[in-house]
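Q: Please take a close look at one chain of this model. I would like to know how its parts meet each other and how it meets its neighbour.

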Amino acid sequence: MMGTRAILFEAPGAFTMEQQQRIWALMDHAGNRADIQELVPGVTNLLLIFNRSPEDLEQIADWLRNTWESLPPRQIMGRLFEVNVRYGGALGEDLAAVSAHTGLPPKEVIRLHHEGEYTVCAIGSAPGFGYLHGLNPRIATPRKSVPSLNMPAGTVTIGGMQAGISALTGPNGWNSIGYTEICLFDPYRSSPSLFAIGDRIRFRPESIEL
Amino acid sequence: MITILETAPLNTIQDQGRPGYRNLGVGSSGVMDPLALKIGNILLGNDLDAACIELQTYPFVIRFDTPTSFAVTGIEAPLTLDGRPVLAWSVETAAPGQMLRVGIPRTGARAYVCVGGGIDVPVVLESRSTQLRGSFGGMDGRFLEAGDKLATQPATEPLSGYGSVPPARVLNHHAVDDKTILLRAIPGTDYARFTPESRERFWNQGWRITPQSNRVGYRLSGRPLAMLEQAELRSYGIIPGIIQVPPAGEPIVQLADANTAGGYPRIATVIEADLWCLAQARIGTSIRFVECNHKTGIAAEQPIKSYLDDLRLMVAQYRASCQSRNGTNSRGKA
């Protein structure tokens with residue numbers, strides 16, 4: 001329970017695509033409930049915000065458990081985006097920290113980062129920011145204990161097992177490893193967020209500065 | 001039309017917020033003190049989604065270019081209309097050319113300048129609230145500046161000379177003294193991950209609101225809290241009131257402009273019914289969290305609802321009696 005009006009459902013187990021697809025299925029199904037104001041998918045979790053504080057929590061918990069157990073994972077055939085990245089340099093200044101944490105040379109970190117294909121698990125944090133699944137576990141690096149105060153929008157980042165592209169300039173606790181020029185959000189577009197859940201992303205090295 | 005003559009930074013257009021877009025990463029924004037805006041809108045006969053000017057810094061001076069009813073809520077502050085003192089939490093009607101000045105509050109932190117009909121700026125993603133991080137909504141997604149001209153929505157008949165009792169005087173405000181505010185909170189998902197000693201200290205210790213506090217969140221200072229073991233969490237959805245504890249151990253209460261998702265451990269959530277008290281707490285104030293459960297959290301909404309219901313009734317009766325005295329019907333225009 002998050003306060004009186006929201007419940008966070010957390011999937012048990014590892015951060016796998018199948019668990020995430022089950023979260024999407026749960027989200028789809030919960031959308032049919034009349035008492036829901038907002039559904040916020042996270043990374044293997046779902047925040048349900050109700051129109052008003054629910055009286056009977058046990059009933060909702062039961063519904064969540066039963067629905068989770070009974071629904072098949074929801075496959076989303078998303079679009080494929082190719083994103084050009086300028087790796088390293090001043091805009092990817094945490095590359096050294098990722099390298100130190102993982103024990104891999106910076107070049108190897110970059111190779112493992114752009115080799116993978118990523119899937120947008122959830123949009124959140126800032127307008128249009130996509131949480132990406134598909135990071136090679138060998139380059140997973142914990143969030144920084146002191147966030148950067150002014151990380152530019154377009155910074156390519158690693159936060160724990162998650163990968164991302166920062167959507168806005170501002171404070172950010174993830175590790176920057178590169179930079180891309182891409183507009184992730186425009187409130188006046190018919191679909192404001194460039195990425196949608198289920199979309200796939202490939203990073204392409206445009207330049208590497210070590 | 002309203003012209004802003006003088007403003008300090010950090011003042012914005014806000015309404016009750018923009019729920020429904022968190023799944024795109026867009027936070028709700030909206031006023032920090034939803035109760036104060038509700039009161040202002042009820043007093044003025046506005047729709048509850050009407051927008052206002054939220055003040056966080058002072059002084060603030062505007063000129064009314066057309067006859068406009070207004071009410072300043074949220075705070076007690078020196079207010080003047082063309083130099084004549086006017087009351088907060090009350091409806092006044094300004095003539096064209098008159099200037100309203102809002103000085104530094106004596107109590108409270110955030111003032112709400114509400115006008116008949118509400119401030120009219122373009123609706124973006126279903127709200128007029130300023131989304132500062134996304135740079136949209138409100139006045140071009142930015143803080144207000146001197147020289148800005150704001151249109152107002154069509155208003156009901158201008159009436160004045162009535163007001164509300166400030167909610168802090170009516171509702172049990174849980175202030176133990178002038179400097180400590182009590183906030184009720186429900187233990188959060190990661191509560192059990194903290195050491196027993198830290199859990200106890202979370203409730204017993206006074207937490208000071210640091211200067212690094214704003215519409216995004218309040219950073220608190222006190223003896224840091226420790227976890228049984230550091231956890232790297234997966235990102236999850238955030239709502240205002242969630243209290244996160246970053247690795248350094250000092251809590252942050254997420255508020256109206258919070259990110260929609262985060263990854264720090266959640267120790268507790270301030271109940272919705274008490275968030276307005278936090279919005280009016282100034283930097284340097286000490287707060288104490290009081291443990292409560294779901295049932296108490298819901299029950300806490302009742303006194304607020306009753307207060308607003310009573311106010312609606314009073315305003316309706318006052319307006320009706322004025323209209324019958326003036327010989328206009330309910331559709332009458334002044």
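A: What follows goes from the domains to the chain interface and then to one sheet. This is a predicted model, in which local features need pLDDT of at least 70, side-chain atom pairs count only at pLDDT 80 or more, and totals for chains, interfaces and linings use all residues. Residues are numbered from 1 along each chain as its sequence is written, chains are lettered from A and ligands numbered from 1 in the order in which they are written, and side-chain values use heavy atoms, with hydrogens and water left out.

Start with the domains. Chain B divides into domain 1 (2-164) and domain 2 (175-299). These bounds come from an automatic or database domain assignment. The C-alpha centres of the two domains of chain B lie 28 Å apart.

The domains touch. In chain B, 26 residues of domain 1 are in contact with 18 residues of domain 2; contact means heavy atoms within 4.5 Å. Between them, domain 1 and domain 2 of chain B bury about 1,600 Å², and 48% of that is on carbon and sulfur atoms. Buried area is the accessible area (1.4 Å probe) that two parts lose on being put together, summed over both.

Now the polar side of this interface. The rule finds 1 salt bridge between domain 1 and domain 2 of chain B. A salt bridge is a side-chain nitrogen of Lys or Arg within 4 Å of a carboxyl oxygen of Asp or Glu. Glu54(B) forms a salt bridge with Arg215(B), with the closest N and O atoms 2.8 Å apart. Between the two domains of chain B, 14 residue pairs are in polar contact, both residues at pLDDT 80 or more. A polar contact is a pair of N or O atoms within 3.5 Å; within protein, one must be able to donate a hydrogen and the other to accept it, and residues adjacent in sequence count only if both atoms are side-chain atoms. On the domain 1 side of chain B, the residues touching domain 2 divide into 10 nonpolar, 10 polar and 6 charged. Here Ala, Val, Leu, Ile, Met, Phe, Trp, Tyr, Cys and Pro count as nonpolar, Asp, Glu, Lys and Arg as charged, and the others, Gly among them, as polar.

Next, the neighbour. 40 residues of chain B are in contact with 48 residues of chain A. The two chains bury about 3,400 Å² between them, 56% of it on carbon and sulfur atoms. In chain B, Arg133(B), Arg234(B) and His294(B) lose the most area to chain A, together 20% of what that side buries.

The rule finds 3 salt bridges between chain B and chain A. One of them joins Arg5(A) to Glu272(B), with the closest N and O atoms 2.7 Å apart. Polar contacts link 18 residue pairs of the two chains, both residues at pLDDT 80 or more. Helix 5 of chain B gives the largest share of the side that touches chain A, 3 residues. Helices (H or I, at least four residues) and strands (E, at least two) are DSSP runs, numbered from the N terminus.

Last, the sheet. In chain B, 7 strands form an open antiparallel sheet in the order 7-6-9-4-1-12-11. Two strands pair if DSSP finds at least two bridges between them. Strand 7 (84-86) and strand 11 (119-120) of chain B are the edge strands, each pairing on one side only. Strand 1 (residues 2-6) of chain B is joined by 4 bridges to strand 4 (residues 60-64), where Ile62(B) is the bridge partner of Ile4(B).
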